[in-house]
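Subject: Handover of a structure and notes on it

Dear colleague,

Please find below the structure that I am handing over to you. My notes follow it, and I would ask you to read them with the structure open.

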Amino acid sequence: MDGGKKLFIKTYGCQMNVYDSERMAEALPDHDLVETPEEADLILLNTCHIREKAAEKVYSELGRFKPLKAAKPDLKIGVAGCVAQAEGEEIVRRQPLVDLVVGPQAYHRLPEMERRVRDGSRALDTDFPEEDKFERLKGRGGMRRGPTAFLTVQEGCDKFCSFCVVPYTRGAERSRPAERVVAEARGLVERGAREVTLLGQNVNAYHGHDGGLAGLIMDLARIDGLERIRYTTSHPNDMDDALIEAHGAEPKLMPYLHLPVQSGSDRILKAMNRKHTSEGYLRLIARVRAARPDIVISGDFIVGFPGETDSDFEETMSLVREVGYGHAFSFKYSARPGTPAAERGSRVPDGTASARLDRLQRLLAEQQAGAMEAMVGREVGVLFEKEGRSPGQLVGKSEHLMAVHADLPGDRIGTLAKVRITASNPNSLSAVPA
Ligand code: SAH
Ligand code: SF4
Ligand code: F3S
């Protein structure tokens, strides 16, 4: 070892946090990443504020670091991410354990903050600075990496759904210029990436290219060695014609679309400030399927939003039946401080919300199992990412983002292979080389 300082990062929340954690590690080049908090000189928690449970985890995790800090007074602890942005000052006030609080738009200032806390001060930075963190956070290059990578192209949200904290924690919508994104993607491919997932809170609101997200995807598709392109999360209202057409026209764009709808009831959609109807969403899905018939649709749902009646919930169930999801996330509504929905009365009793979530999740699980079952007997392309649980086995993802395992030599990691699906298991598919 080179005797450098040791950094432990724990990441919660969405893929954007995963991307940000990599950038934070790169911003601190005099630190080596370690696997456990016990080894670390600096611990960073990259946090999520989306639901109450997510935010609470941070405080219980911090409690666990108390003995570590008692044993190692030089250990510095930092909180980053969306809880830092939303509750930074309170954390500094109430948690003497925390030396550093850094919001998602200030990560490029981390090295300077780290120096300050080494000198014994505490540091808080939750600004939305003028300068662009992406331009200050240059990748270290050279670092070897796996075959799949995340690439943030858009950040922030101007939609203000009435339940959601993201517009407050991530700030206003902004896009990175297409040339920068393409350059970063080239670098990723040079370091071994074969698949890139473009990230944004509303990634299809991307406006860093004249042709929008579709234009960016077409430019990226020209990079040799980049085999697969995905994007997430998209909003129904930003799903433009060009992007829908791209699903039919660009073979490198994978046949998978995560398109959250939240509810099937127009009354609830209106109260959520989603600015689309269930009918509009269904029409959109039909158009996407016309462009790419085998596309797998994924979604997000919230049950128990204030005022949601049994019949509103039944409308969600029938929308789900109509769409037929290959994958989905569903949540019980969580009232978030500062959001308009949290001020509303007519809370749904927790037992009712739980019962609805249970029914919805059973339906979604059935649909997912059906979508996976339908793959049995088919030949599919899989990008193998790593070794599986049993010896000689590799696991990867199909074009439709389903986990697939097959017996293949280890040197196939990082390569695309055609396999034939032989069986469908609860969370993965079994395959043999085709
Ligand atoms: N930008 C994305 C989603 C970001 S948050 C979009 O517009 O779809 C991811 C998911 O968390 C949301 O789609 C929603 O289903 C869920 N979510 C957000 N706020 C929530 C809350 N207050 N309670 C429960 N679920 C919530
Ligand atoms: Fe949140 Fe709505 Fe923005 Fe998605 S579109 S991040 S749910 S406010
Ligand atoms: Fe959570 Fe922030 Fe992502 S609240 S879901 S980490 S944008």
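The notes below take the ligands first, then two helices, and then some individual residues.

Please bear in mind throughout that this is a predicted model.

**Ligand 1**

Around ligand 1 there are 15 residues, and the closest of them are F163, Q201, Q262, D300 and S334. Three of these residues come up again in the polar distances. A polar backbone atom of Q201 is 2.7 Å from a nitrogen atom of ligand 1. In the side chain of Q262, an N or O atom is 2.7 Å from an oxygen atom of the ligand. For D300, an N or O atom of the side chain is 2.6 Å from an oxygen atom of ligand 1. Taken alone, ligand 1 exposes 540 Å², of which the protein buries 89%. Two elements, β13 (296-303) and β14 (327-332), give two or more residues to the shell around ligand 1. By class, this shell holds six nonpolar, four polar and five charged residues.

**Ligands 2 and 3**

The residues that surround ligand 2 are C157, K159, F160, C161, F163, C164, V166, P167, N202, H235 and R274. Seven residues of this shell are nonpolar, two are polar and two are charged. F163, listed here, is also among the closest residues to ligand 1.

Ligand 3 has C14, N17, T47, C48, H49, I50, C82, R170 and Q201 around it. Its shell divides into four nonpolar, four polar and one charged residues. Q201 belongs to this shell, and a backbone atom of Q201 also has the distance to ligand 1 given above.

**Helices α8 and α9**

Which residues of helix α9 (residues 241-249) are buried? They are L243, I244, A246 and H247. Seen down the axis of α9, these buried residues fall within an arc of 155°, so they line one face of the helix. E245 and A249, on the other side of α9, are exposed. The cover over the buried residues of α9 includes α8 (212-221), β11 (228-232), β12 (256-258) and α11 (278-291).

Helix α8 is mostly covered, with eight of its 10 residues buried. Those buried residues are G212, L213, A214, G215, L216, I217, L220 and A221. Among what covers them are α7 (178-190), β10 (195-199), β11 and α9. Helix α8 thus helps to cover α9, and α9 helps to cover α8.

**The peptide bond between T232 and T233**

T232 and T233 are joined by a cis peptide bond, with omega about 0°. T232 lies in strand β11, whereas T233 is in the loop between β11 and α9. The side chains of T232 and T233 make a polar contact of 3.3 Å. Is T232 buried or exposed? T232 has a relative accessible area of 11% and is buried. Apart from its neighbours within four places in sequence, T232 is in contact with Q15, T197, L198, L199, G200, V203 and H258.

**Residues with positive phi**

F160 is not a glycine, yet its phi is positive, near 50°. This residue sits in the loop between β8 (154-155) and α6 (166-169). With a relative accessible area of 37%, F160 is partly exposed. F160 is also one of the residues that surround ligand 2.

L401, likewise not a glycine, has a positive phi of about 65°. Its place is the loop between β16 (393-398) and β17 (403-407). The relative accessibility of L401 is 32%, and L401 counts as partly exposed.

**F331**

F331 is located in strand β14, one of the elements that contribute to the shell around ligand 1. The relative accessibility of F331 is 22%, and the residue counts as partly exposed. Leaving aside neighbours within four places in sequence, F331 is in contact with R51, D300, F301, I302, V303 and L357. One of these contacts, D300, is also among the closest residues to ligand 1. F331 and E39 are 292 residues apart along the chain, and their C-alpha atoms are separated by 35 Å.

With kind regards

How values were computed:
Residues are numbered from 1 along each chain as its sequence is written. Chains are lettered from A and ligands numbered from 1 in the order in which they are written. This is a predicted model: local features need pLDDT of at least 70, side-chain atom pairs count only at pLDDT 80 or more; totals for chains, interfaces and linings use all residues. Side-chain values use heavy atoms; hydrogens and water are left out. Buried means under 20% relative accessible area, exposed over 50%, partly exposed in between (1.4 Å probe, protein chains only). Helices (H or I, at least four residues) and strands (E, at least two) are DSSP runs, numbered from the N terminus. The arc is that of the directions from the helix axis to the C-beta atoms. Contact means heavy atoms within 4.5 Å. A residue is near a molecule or strand if one of its heavy atoms lies within 4 Å of it. Ala, Val, Leu, Ile, Met, Phe, Trp, Tyr, Cys and Pro count as nonpolar, Asp, Glu, Lys and Arg as charged, and the others, Gly among them, as polar. A polar contact is a pair of N or O atoms within 3.5 Å; within protein, one must be able to donate a hydrogen and the other to accept it, and residues adjacent in sequence count only if both atoms are side-chain atoms. Accessible areas come from the Shrake-Rupley method with a 1.4 Å probe; for residues, only the protein chains shown count as cover.
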